[in-house]
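Reader: Hello, I'm new to this one and would love some guidance. Could you take a close look at a single part with me, and then follow on from there?

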Amino acid sequence: MEATSTQVRQGTIPPVVAARWALWTFVIVNLVIVEVLFLTAGTGKNGVLTVAKFFGLHAAVLMMFQLLLVARLPWLDRRIGMDRLTVWHRWVGFTLLWTLLTHAVLVVLGYARLDDASMTKTFVALAGVPASLFGMLAAAIVAVVAAVSARQVRRRLRYETWHGVHLLLYLALGLAFVHQLQETTTFSSSAPAVIYWWALWLFAFGALVTGRIVMPLWRNAYHRFEVVAVVPESDDVVSVRVTGRHLDRLPARAGQFCIWRFPGHNHWWLANPFSLSAAPDGRTLRLTAKAVGSTSAGLRHVPVGTRAFVEGPYGAFTSLHRTRPGALLIAGGVGITPVRALLEEEPAGDVVVLYRVRSEDDAVLVDEVRTLVAGLGGRLHLLTGRRGEGSPPFEPESLRALVPDITERDVYVCGPPAMTSAVLSALHRLKVPHLQVHAERFGLA
Ligand SMILES: Cc1cc2nc3c(=O)[nH]c(=O)nc-3n(C[C@H](O)[C@H](O)[C@H](O)COP(=O)(O)OP(=O)(O)OC[C@H]3O[C@@H](n4cnc5c(N)ncnc54)[C@H](O)[C@@H]3O)c2cc1C
(Lines give C-alpha, C1' and ligand atoms only; values in the text may rest on other atoms or scores of the structure.)
Protein backbone atom coordinates (compact mmCIF):
# COMPACT_ATOMS: atom_id res chain seq x y z
CA MET A 1 0.00 0.00 0.00
CA GLU A 2 1.08 3.55 -0.65
CA ALA A 3 1.63 6.06 2.15
CA THR A 4 -1.81 7.15 3.28
CA SER A 5 -1.26 10.26 5.36
CA THR A 6 -1.61 13.61 3.65
CA GLN A 7 1.69 15.23 2.85
CA VAL A 8 2.17 18.64 1.31
CA ARG A 9 4.65 18.63 -1.55
CA GLN A 10 7.02 21.55 -1.70
CA GLY A 11 9.43 22.53 -4.43
CA THR A 12 8.71 19.52 -6.65
CA ILE A 13 6.85 19.41 -9.94
CA PRO A 14 3.15 18.76 -9.21
CA PRO A 15 2.19 15.23 -10.34
CA VAL A 16 -0.51 16.48 -12.70
CA VAL A 17 1.97 18.84 -14.39
CA ALA A 18 4.55 16.03 -14.71
CA ALA A 19 1.96 13.75 -16.31
CA ARG A 20 0.81 16.42 -18.76
CA TRP A 21 4.39 17.11 -19.78
CA ALA A 22 5.01 13.40 -20.24
CA LEU A 23 1.94 13.10 -22.47
CA TRP A 24 2.79 16.19 -24.49
CA THR A 25 6.37 15.04 -24.94
CA PHE A 26 5.13 11.66 -26.14
CA VAL A 27 2.74 13.29 -28.62
CA ILE A 28 5.26 15.84 -29.95
CA VAL A 29 8.13 13.35 -30.33
CA ASN A 30 5.90 10.97 -32.26
CA LEU A 31 4.42 13.72 -34.40
CA VAL A 32 7.93 14.86 -35.36
CA ILE A 33 8.87 11.29 -36.35
CA VAL A 34 5.66 10.87 -38.34
CA GLU A 35 6.20 14.19 -40.20
CA VAL A 36 9.80 13.26 -41.05
CA LEU A 37 8.69 9.87 -42.36
CA PHE A 38 5.86 11.47 -44.32
CA LEU A 39 8.18 14.01 -45.94
CA THR A 40 10.83 11.45 -46.82
CA ALA A 41 8.53 8.67 -48.07
CA GLY A 42 7.59 10.34 -51.36
CA THR A 43 4.36 11.82 -52.64
CA GLY A 44 1.07 10.21 -53.65
CA LYS A 45 -0.15 9.70 -57.22
CA ASN A 46 -1.26 13.35 -57.37
CA GLY A 47 -1.35 16.38 -55.08
CA VAL A 48 -4.77 15.61 -53.64
CA LEU A 49 -3.77 12.03 -52.82
CA THR A 50 -0.62 13.30 -51.08
CA VAL A 51 -2.76 15.49 -48.82
CA ALA A 52 -5.15 12.55 -48.32
CA LYS A 53 -2.18 10.46 -47.21
CA PHE A 54 -1.20 13.15 -44.71
CA PHE A 55 -4.68 13.07 -43.13
CA GLY A 56 -4.75 9.26 -43.14
CA LEU A 57 -1.46 9.06 -41.25
CA HIS A 58 -2.62 11.56 -38.68
CA ALA A 59 -5.90 9.70 -38.23
CA ALA A 60 -3.86 6.59 -37.38
CA VAL A 61 -1.77 8.56 -34.86
CA LEU A 62 -4.95 9.95 -33.27
CA MET A 63 -6.34 6.42 -32.97
CA MET A 64 -3.25 5.25 -31.12
CA PHE A 65 -3.43 8.26 -28.83
CA GLN A 66 -7.09 7.43 -28.13
CA LEU A 67 -6.05 3.95 -27.02
CA LEU A 68 -3.54 5.42 -24.62
CA LEU A 69 -6.11 7.83 -23.14
CA VAL A 70 -8.59 5.05 -22.36
CA ALA A 71 -6.03 2.43 -21.31
CA ARG A 72 -6.49 3.36 -17.62
CA LEU A 73 -2.77 3.23 -17.01
CA PRO A 74 -2.37 3.76 -13.25
CA TRP A 75 0.47 6.28 -13.57
CA LEU A 76 -1.58 8.59 -15.81
CA ASP A 77 -4.89 7.94 -14.10
CA ARG A 78 -3.66 8.87 -10.63
CA ARG A 79 -2.10 12.08 -11.88
CA ILE A 80 -4.64 13.30 -14.42
CA GLY A 81 -7.81 11.49 -13.35
CA MET A 82 -10.17 9.38 -15.40
CA ASP A 83 -12.72 12.18 -15.76
CA ARG A 84 -10.20 14.55 -17.37
CA LEU A 85 -8.74 11.77 -19.52
CA THR A 86 -12.29 10.97 -20.65
CA VAL A 87 -12.88 14.61 -21.63
CA TRP A 88 -9.65 14.59 -23.67
CA HIS A 89 -10.68 11.27 -25.19
CA ARG A 90 -13.95 12.89 -26.26
CA TRP A 91 -12.22 15.81 -27.98
CA VAL A 92 -9.58 13.63 -29.62
CA GLY A 93 -12.49 11.43 -30.80
CA PHE A 94 -14.21 14.31 -32.58
CA THR A 95 -10.87 15.44 -34.07
CA LEU A 96 -10.36 11.87 -35.28
CA LEU A 97 -13.78 11.89 -36.93
CA TRP A 98 -13.04 15.05 -38.95
CA THR A 99 -9.53 13.85 -39.83
CA LEU A 100 -10.92 10.54 -41.09
CA LEU A 101 -13.70 12.20 -43.08
CA THR A 102 -11.23 14.65 -44.67
CA HIS A 103 -8.97 11.71 -45.55
CA ALA A 104 -11.88 9.79 -47.10
CA VAL A 105 -13.20 12.74 -49.14
CA LEU A 106 -9.69 13.57 -50.42
CA VAL A 107 -9.03 9.94 -51.41
CA VAL A 108 -12.23 9.86 -53.48
CA LEU A 109 -11.46 13.28 -54.97
CA GLY A 110 -7.84 12.31 -55.71
CA TYR A 111 -8.78 9.10 -57.53
CA ALA A 112 -11.67 10.83 -59.34
CA ARG A 113 -9.16 13.33 -60.74
CA LEU A 114 -6.66 10.62 -61.57
CA ASP A 115 -9.24 8.59 -63.51
CA ASP A 116 -11.15 11.59 -64.77
CA ALA A 117 -14.33 10.09 -63.32
CA SER A 118 -17.16 11.43 -61.13
CA MET A 119 -16.84 11.28 -57.34
CA THR A 120 -19.84 8.92 -57.08
CA LYS A 121 -18.41 6.48 -59.66
CA THR A 122 -15.02 6.60 -57.93
CA PHE A 123 -16.59 6.03 -54.51
CA VAL A 124 -18.45 2.95 -55.77
CA ALA A 125 -15.30 1.63 -57.47
CA LEU A 126 -13.24 2.12 -54.28
CA ALA A 127 -15.90 0.35 -52.21
CA GLY A 128 -15.28 -2.70 -54.37
CA VAL A 129 -11.64 -2.86 -53.23
CA PRO A 130 -11.41 -4.69 -49.85
CA ALA A 131 -8.66 -2.47 -48.42
CA SER A 132 -10.65 0.71 -49.18
CA LEU A 133 -13.89 -0.87 -48.02
CA PHE A 134 -12.34 -1.64 -44.62
CA GLY A 135 -11.31 2.01 -44.31
CA MET A 136 -14.80 3.20 -45.29
CA LEU A 137 -16.46 0.89 -42.76
CA ALA A 138 -14.09 2.08 -40.02
CA ALA A 139 -14.94 5.72 -40.84
CA ALA A 140 -18.68 4.93 -40.87
CA ILE A 141 -18.47 3.31 -37.41
CA VAL A 142 -16.54 6.29 -36.00
CA ALA A 143 -19.22 8.60 -37.46
CA VAL A 144 -22.03 6.60 -35.79
CA VAL A 145 -20.23 6.57 -32.42
CA ALA A 146 -19.60 10.31 -32.69
CA ALA A 147 -23.29 10.87 -33.45
CA VAL A 148 -24.44 8.97 -30.33
CA SER A 149 -21.79 10.77 -28.26
CA ALA A 150 -23.13 14.22 -29.15
CA ARG A 151 -24.48 15.67 -25.93
CA GLN A 152 -28.13 15.95 -27.05
CA VAL A 153 -28.25 12.30 -28.16
CA ARG A 154 -26.11 10.92 -25.33
CA ARG A 155 -28.42 12.43 -22.71
CA ARG A 156 -31.39 10.47 -24.08
CA LEU A 157 -29.63 7.10 -24.14
CA ARG A 158 -29.24 4.60 -21.34
CA TYR A 159 -25.61 4.28 -20.25
CA GLU A 160 -25.50 0.61 -21.33
CA THR A 161 -26.89 1.42 -24.82
CA TRP A 162 -24.39 4.19 -25.38
CA HIS A 163 -21.55 2.04 -24.05
CA GLY A 164 -22.57 -0.91 -26.27
CA VAL A 165 -22.47 1.30 -29.39
CA HIS A 166 -19.16 2.76 -28.22
CA LEU A 167 -17.64 -0.72 -28.09
CA LEU A 168 -18.04 -0.92 -31.89
CA LEU A 169 -14.99 1.32 -31.99
CA TYR A 170 -12.83 -1.73 -31.37
CA LEU A 171 -14.21 -3.19 -34.61
CA ALA A 172 -13.44 0.12 -36.34
CA LEU A 173 -9.93 -0.03 -34.97
CA GLY A 174 -9.38 -3.54 -36.36
CA LEU A 175 -10.75 -2.52 -39.77
CA ALA A 176 -8.62 0.63 -39.84
CA PHE A 177 -5.54 -1.37 -38.88
CA VAL A 178 -6.01 -3.83 -41.75
CA HIS A 179 -6.73 -0.89 -44.08
CA GLN A 180 -3.39 0.66 -43.12
CA LEU A 181 -1.48 -2.57 -43.52
CA GLN A 182 -2.72 -2.83 -47.08
CA GLU A 183 -2.72 0.82 -48.12
CA THR A 184 0.10 2.57 -46.27
CA THR A 185 3.19 3.43 -48.25
CA THR A 186 4.83 5.85 -45.79
CA PHE A 187 5.48 3.20 -43.20
CA SER A 188 6.58 0.53 -45.62
CA SER A 189 9.04 2.92 -47.26
CA SER A 190 12.03 1.77 -45.18
CA ALA A 191 12.93 -0.82 -42.54
CA PRO A 192 13.14 1.78 -39.70
CA ALA A 193 9.74 3.14 -40.73
CA VAL A 194 8.19 -0.35 -40.58
CA ILE A 195 9.77 -1.05 -37.18
CA TYR A 196 8.66 2.31 -35.79
CA TRP A 197 5.07 1.92 -36.99
CA TRP A 198 4.71 -1.61 -35.60
CA ALA A 199 6.33 -0.55 -32.32
CA LEU A 200 3.86 2.32 -31.96
CA TRP A 201 0.83 0.11 -32.59
CA LEU A 202 2.16 -2.57 -30.25
CA PHE A 203 2.71 0.05 -27.55
CA ALA A 204 -0.83 1.46 -27.94
CA PHE A 205 -2.52 -1.95 -28.06
CA GLY A 206 -0.25 -3.23 -25.28
CA ALA A 207 -1.21 -0.30 -23.04
CA LEU A 208 -4.91 -0.92 -23.68
CA VAL A 209 -4.78 -4.67 -23.13
CA THR A 210 -2.64 -4.28 -20.01
CA GLY A 211 -4.76 -1.55 -18.41
CA ARG A 212 -8.21 -2.78 -19.41
CA ILE A 213 -7.84 -6.57 -19.38
CA VAL A 214 -4.63 -7.99 -17.88
CA MET A 215 -4.46 -5.83 -14.75
CA PRO A 216 -8.14 -6.20 -13.75
CA LEU A 217 -8.07 -9.96 -14.37
CA TRP A 218 -4.82 -10.37 -12.48
CA ARG A 219 -5.98 -8.23 -9.55
CA ASN A 220 -9.26 -10.10 -9.21
CA ALA A 221 -7.58 -13.50 -9.42
CA TYR A 222 -5.05 -12.37 -6.81
CA HIS A 223 -7.33 -10.59 -4.35
CA ARG A 224 -10.51 -12.69 -4.80
CA PHE A 225 -12.87 -9.93 -3.65
CA GLU A 226 -15.95 -10.96 -1.69
CA VAL A 227 -18.83 -9.09 0.00
CA VAL A 228 -18.58 -9.30 3.80
CA ALA A 229 -21.27 -6.83 4.87
CA VAL A 230 -24.22 -4.93 3.43
CA VAL A 231 -25.35 -2.07 5.66
CA PRO A 232 -28.43 0.05 4.85
CA GLU A 233 -27.59 3.67 5.71
CA SER A 234 -31.11 4.99 4.93
CA ASP A 235 -34.10 4.08 2.77
CA ASP A 236 -32.18 4.74 -0.44
CA VAL A 237 -28.51 4.49 0.55
CA VAL A 238 -26.54 1.36 1.28
CA SER A 239 -22.91 0.59 2.13
CA VAL A 240 -21.25 -2.57 0.88
CA ARG A 241 -18.04 -3.79 2.46
CA VAL A 242 -15.78 -6.03 0.42
CA THR A 243 -12.78 -7.99 1.56
CA GLY A 244 -10.09 -9.94 -0.27
CA ARG A 245 -6.74 -11.64 0.03
CA HIS A 246 -3.65 -9.44 0.52
CA LEU A 247 -5.68 -6.23 0.28
CA ASP A 248 -2.76 -4.39 1.83
CA ARG A 249 -1.07 -4.83 -1.57
CA LEU A 250 -3.86 -3.15 -3.52
CA PRO A 251 -2.57 0.35 -4.35
CA ALA A 252 -5.77 2.13 -3.31
CA ARG A 253 -5.96 5.60 -1.78
CA ALA A 254 -8.71 7.53 -0.06
CA GLY A 255 -10.66 9.57 -2.63
CA GLN A 256 -10.39 7.00 -5.40
CA PHE A 257 -13.18 4.95 -6.94
CA CYS A 258 -13.52 1.47 -8.38
CA ILE A 259 -15.75 0.03 -11.06
CA TRP A 260 -17.76 -2.69 -9.38
CA ARG A 261 -19.45 -5.81 -10.69
CA PHE A 262 -21.34 -8.34 -8.60
CA PRO A 263 -21.62 -11.16 -11.15
CA GLY A 264 -23.49 -13.66 -8.94
CA HIS A 265 -26.13 -11.00 -8.27
CA ASN A 266 -26.23 -8.81 -11.41
CA HIS A 267 -25.59 -9.41 -15.11
CA TRP A 268 -21.83 -9.54 -15.69
CA TRP A 269 -21.96 -6.56 -18.06
CA LEU A 270 -23.38 -4.24 -15.40
CA ALA A 271 -20.40 -2.36 -14.03
CA ASN A 272 -20.80 0.81 -12.00
CA PRO A 273 -18.33 3.30 -10.61
CA PHE A 274 -18.56 3.92 -6.86
CA SER A 275 -16.02 5.77 -4.73
CA LEU A 276 -14.39 4.23 -1.68
CA SER A 277 -16.40 5.69 1.19
CA ALA A 278 -13.73 4.82 3.75
CA ALA A 279 -9.96 5.00 3.43
CA PRO A 280 -8.62 1.57 2.47
CA ASP A 281 -7.25 -0.10 5.61
CA GLY A 282 -5.60 -3.11 3.97
CA ARG A 283 -8.42 -5.46 5.05
CA THR A 284 -11.64 -4.14 3.47
CA LEU A 285 -12.95 -1.69 0.90
CA ARG A 286 -16.26 0.08 1.37
CA LEU A 287 -18.60 1.66 -1.16
CA THR A 288 -21.71 3.66 -0.30
CA ALA A 289 -24.32 3.97 -3.03
CA LYS A 290 -27.47 6.00 -3.44
CA ALA A 291 -30.27 4.23 -5.30
CA VAL A 292 -30.82 5.98 -8.64
CA GLY A 293 -31.35 3.04 -10.99
CA SER A 294 -31.71 -0.70 -10.88
CA THR A 295 -28.08 -1.58 -10.05
CA SER A 296 -27.58 0.91 -7.27
CA ALA A 297 -31.05 0.15 -5.84
CA GLY A 298 -30.33 -3.59 -5.96
CA LEU A 299 -27.11 -3.36 -3.98
CA ARG A 300 -28.96 -3.70 -0.67
CA HIS A 301 -30.03 -7.19 -1.74
CA VAL A 302 -26.50 -8.44 -2.55
CA PRO A 303 -25.97 -11.49 -0.31
CA VAL A 304 -22.93 -11.61 1.96
CA GLY A 305 -20.41 -13.99 0.39
CA THR A 306 -21.10 -12.79 -3.19
CA ARG A 307 -17.93 -12.55 -5.26
CA ALA A 308 -17.17 -9.05 -6.51
CA PHE A 309 -15.21 -8.15 -9.63
CA VAL A 310 -13.44 -4.88 -8.92
CA GLU A 311 -11.67 -2.72 -11.51
CA GLY A 312 -9.41 -0.02 -10.21
CA PRO A 313 -8.75 1.82 -8.02
CA TYR A 314 -8.91 4.84 -10.28
CA GLY A 315 -8.92 8.60 -9.97
CA ALA A 316 -6.82 11.59 -9.05
CA PHE A 317 -9.08 12.90 -6.28
CA THR A 318 -6.46 12.12 -3.66
CA SER A 319 -3.96 13.73 -1.33
CA LEU A 320 -1.23 13.01 -3.91
CA HIS A 321 -2.16 16.43 -5.34
CA ARG A 322 -2.06 18.31 -2.07
CA THR A 323 -0.25 21.65 -2.22
CA ARG A 324 -1.34 23.48 0.96
CA PRO A 325 -1.60 22.58 4.66
CA GLY A 326 -5.25 23.72 4.88
CA ALA A 327 -8.10 21.99 3.07
CA LEU A 328 -11.67 22.81 2.15
CA LEU A 329 -13.73 19.74 1.22
CA ILE A 330 -17.02 20.40 -0.60
CA ALA A 331 -19.54 17.62 -1.14
CA GLY A 332 -22.98 17.52 -2.71
CA GLY A 333 -25.32 14.68 -1.69
CA VAL A 334 -23.75 11.27 -2.11
CA GLY A 335 -20.60 13.05 -3.31
CA ILE A 336 -19.69 12.90 0.36
CA THR A 337 -18.33 9.36 -0.13
CA PRO A 338 -14.76 10.15 -1.29
CA VAL A 339 -14.71 13.23 0.96
CA ARG A 340 -15.52 11.04 3.95
CA ALA A 341 -12.58 8.79 2.99
CA LEU A 342 -10.23 11.76 2.50
CA LEU A 343 -11.05 13.00 6.01
CA GLU A 344 -9.39 9.89 7.41
CA GLU A 345 -6.10 11.04 5.89
CA GLU A 346 -6.36 14.68 6.96
CA PRO A 347 -3.85 15.96 9.47
CA ALA A 348 -5.47 17.53 12.56
CA GLY A 349 -6.25 21.22 12.49
CA ASP A 350 -7.09 23.04 9.37
CA VAL A 351 -10.00 21.39 7.60
CA VAL A 352 -13.41 22.78 6.65
CA VAL A 353 -16.18 20.62 5.17
CA LEU A 354 -19.16 22.07 3.29
CA TYR A 355 -21.81 19.41 2.83
CA ARG A 356 -24.77 20.37 0.61
CA VAL A 357 -27.94 18.30 1.08
CA ARG A 358 -31.65 18.83 0.61
CA SER A 359 -32.38 18.22 4.28
CA GLU A 360 -30.47 16.86 7.25
CA ASP A 361 -32.23 13.50 6.76
CA ASP A 362 -30.64 13.24 3.31
CA ALA A 363 -27.12 13.72 4.66
CA VAL A 364 -25.49 10.35 3.95
CA LEU A 365 -22.82 9.24 6.45
CA VAL A 366 -23.24 12.53 8.33
CA ASP A 367 -22.53 11.03 11.75
CA GLU A 368 -19.23 9.57 10.55
CA VAL A 369 -18.31 12.88 8.95
CA ARG A 370 -19.18 14.79 12.15
CA THR A 371 -17.05 12.46 14.27
CA LEU A 372 -14.08 12.69 11.90
CA VAL A 373 -14.25 16.48 11.60
CA ALA A 374 -14.59 16.87 15.37
CA GLY A 375 -11.58 14.56 15.88
CA LEU A 376 -9.55 16.78 13.56
CA GLY A 377 -10.66 19.99 15.26
CA GLY A 378 -12.16 21.19 11.96
CA ARG A 379 -15.47 22.76 10.93
CA LEU A 380 -18.47 21.14 9.27
CA HIS A 381 -21.19 23.24 7.61
CA LEU A 382 -24.28 21.34 6.63
CA LEU A 383 -25.85 23.45 3.88
CA THR A 384 -29.46 22.38 3.60
CA GLY A 385 -31.95 23.40 0.94
CA ARG A 386 -33.01 22.66 -2.61
CA ARG A 387 -31.66 24.18 -5.79
CA GLY A 388 -33.22 27.61 -6.32
CA GLU A 389 -34.28 27.91 -2.65
CA GLY A 390 -32.77 30.71 -0.55
CA SER A 391 -29.36 32.17 -1.33
CA PRO A 392 -27.21 29.82 -3.43
CA PRO A 393 -24.43 28.43 -1.19
CA PHE A 394 -21.82 28.11 -3.91
CA GLU A 395 -21.77 31.66 -5.21
CA PRO A 396 -18.30 33.22 -4.75
CA GLU A 397 -19.53 35.62 -2.02
CA SER A 398 -21.18 32.81 -0.03
CA LEU A 399 -18.06 30.65 -0.25
CA ARG A 400 -15.82 33.51 0.83
CA ALA A 401 -18.13 34.32 3.74
CA LEU A 402 -17.94 30.73 4.96
CA VAL A 403 -14.23 30.25 4.32
CA PRO A 404 -12.47 33.64 4.19
CA ASP A 405 -9.03 32.09 3.53
CA ILE A 406 -10.33 29.93 0.68
CA THR A 407 -7.54 30.93 -1.71
CA GLU A 408 -4.96 29.63 0.78
CA ARG A 409 -6.43 26.11 0.80
CA ASP A 410 -6.58 23.05 -1.36
CA VAL A 411 -10.22 22.68 -2.38
CA TYR A 412 -11.66 19.22 -3.07
CA VAL A 413 -15.09 19.18 -4.73
CA CYS A 414 -17.29 16.15 -5.35
CA GLY A 415 -20.92 15.94 -6.27
CA PRO A 416 -23.38 15.80 -9.15
CA PRO A 417 -21.94 17.27 -12.38
CA ALA A 418 -24.07 20.47 -12.24
CA MET A 419 -23.10 21.27 -8.65
CA THR A 420 -19.44 20.49 -9.29
CA SER A 421 -19.43 22.83 -12.31
CA ALA A 422 -21.07 25.61 -10.25
CA VAL A 423 -18.46 25.28 -7.50
CA LEU A 424 -15.56 25.16 -9.99
CA SER A 425 -16.83 28.29 -11.67
CA ALA A 426 -17.07 30.08 -8.29
CA LEU A 427 -13.54 28.97 -7.36
CA HIS A 428 -12.31 30.30 -10.68
CA ARG A 429 -13.97 33.67 -10.01
CA LEU A 430 -12.46 33.70 -6.51
CA LYS A 431 -9.07 33.13 -8.16
CA VAL A 432 -8.25 30.00 -6.19
CA PRO A 433 -5.08 28.80 -7.96
CA HIS A 434 -5.76 26.08 -10.48
CA LEU A 435 -3.40 23.53 -8.92
CA GLN A 436 -5.21 23.84 -5.57
CA VAL A 437 -8.54 22.75 -7.04
CA HIS A 438 -9.35 19.03 -7.24
CA ALA A 439 -12.69 17.71 -8.47
CA GLU A 440 -14.50 14.43 -9.01
CA ARG A 441 -17.73 14.47 -10.98
CA PHE A 442 -20.10 11.58 -10.46
CA GLY A 443 -20.52 11.23 -14.21
CA LEU A 444 -17.83 9.92 -16.53
CA ALA A 445 -19.39 9.62 -19.93
C1 LIG B 1 -16.16 8.40 -10.59
C2 LIG B 1 -17.55 8.12 -10.05
C3 LIG B 1 -17.73 7.84 -8.73
C4 LIG B 1 -19.01 7.60 -8.23
N5 LIG B 1 -19.18 7.33 -6.91
C6 LIG B 1 -20.40 7.14 -6.42
C7 LIG B 1 -20.60 6.86 -5.03
O8 LIG B 1 -19.66 6.77 -4.25
N9 LIG B 1 -21.88 6.67 -4.60
C10 LIG B 1 -22.96 6.76 -5.44
O11 LIG B 1 -24.09 6.59 -4.98
N12 LIG B 1 -22.80 7.04 -6.76
C13 LIG B 1 -21.56 7.21 -7.26
N14 LIG B 1 -21.39 7.46 -8.60
C15 LIG B 1 -22.59 7.46 -9.47
C16 LIG B 1 -22.96 6.01 -9.79
O17 LIG B 1 -21.95 5.43 -10.59
C18 LIG B 1 -24.27 5.93 -10.56
O19 LIG B 1 -25.27 6.50 -9.78
C20 LIG B 1 -24.60 4.49 -10.79
O21 LIG B 1 -23.66 3.91 -11.65
C22 LIG B 1 -26.01 4.39 -11.33
O23 LIG B 1 -26.22 3.10 -11.86
P24 LIG B 1 -27.68 2.42 -11.87
O25 LIG B 1 -27.59 1.24 -12.74
O26 LIG B 1 -28.18 2.24 -10.50
O27 LIG B 1 -28.59 3.51 -12.53
P28 LIG B 1 -28.84 3.79 -14.06
O29 LIG B 1 -30.21 4.35 -14.17
O30 LIG B 1 -28.46 2.65 -14.92
O31 LIG B 1 -27.75 4.93 -14.28
C32 LIG B 1 -28.02 6.27 -13.94
C33 LIG B 1 -26.89 7.11 -14.50
O34 LIG B 1 -25.66 6.72 -13.87
C35 LIG B 1 -24.58 6.76 -14.77
N36 LIG B 1 -23.95 5.43 -14.94
C37 LIG B 1 -24.53 4.21 -14.89
N38 LIG B 1 -23.61 3.25 -15.07
C39 LIG B 1 -22.43 3.89 -15.25
C40 LIG B 1 -21.11 3.46 -15.52
N41 LIG B 1 -20.80 2.17 -15.63
N42 LIG B 1 -20.15 4.40 -15.67
C43 LIG B 1 -20.44 5.71 -15.59
N44 LIG B 1 -21.66 6.18 -15.33
C45 LIG B 1 -22.65 5.28 -15.18
C46 LIG B 1 -25.14 7.18 -16.10
O47 LIG B 1 -24.94 8.57 -16.28
C48 LIG B 1 -26.59 6.86 -15.99
O49 LIG B 1 -27.38 7.67 -16.83
C50 LIG B 1 -20.14 7.67 -9.10
C51 LIG B 1 -19.94 7.96 -10.45
C52 LIG B 1 -18.68 8.18 -10.92
C53 LIG B 1 -18.49 8.48 -12.38
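Author: Let's begin with strand β8 (residues 351–357), which runs parallel to β9 and is joined to it by six bridges. Within this pair, V353 stands opposite L380 in β9. Please keep in mind that this is a predicted model, where local features need pLDDT of at least 70, side-chain atom pairs count only at 80 or more, and totals for chains, interfaces and linings use all residues. Residues are numbered from 1 along each chain as its sequence is written, and side-chain values use heavy atoms, without hydrogens or water.

Strands here are DSSP runs of E of at least two residues, numbered from the N terminus, and two of them pair if DSSP finds at least two bridges between them. Following the pairing outward gives an open sheet of five strands in the order β9-β8-β7-β10-β11, with parallel pairing. Its edges are β9 (379–384) and β11 (437–441), each pairing on one side only. Ignoring direction, neighbouring strands of this sheet are turned by 10 degrees against each other on average, with axes fitted to C-alpha atoms.

Now for the ligand. T337 has a side-chain N or O atom 2.8 Å from a ligand oxygen atom, while T288 brings a backbone N or O atom to 2.9 Å from a ligand nitrogen atom. The protein buries 83% of the 890 Å² that the ligand exposes when taken alone, by the Shrake-Rupley method with a 1.4 Å probe. The shell around the ligand takes its largest share, four residues, from β4.

How values were computed. Polar contact = N/O pair within 3.5 Å; in protein donor to acceptor, adjacent residues only side chain to side chain. Axes fitted to C-alpha atoms, helices over the stretch in contact; angles between N-to-C directions.
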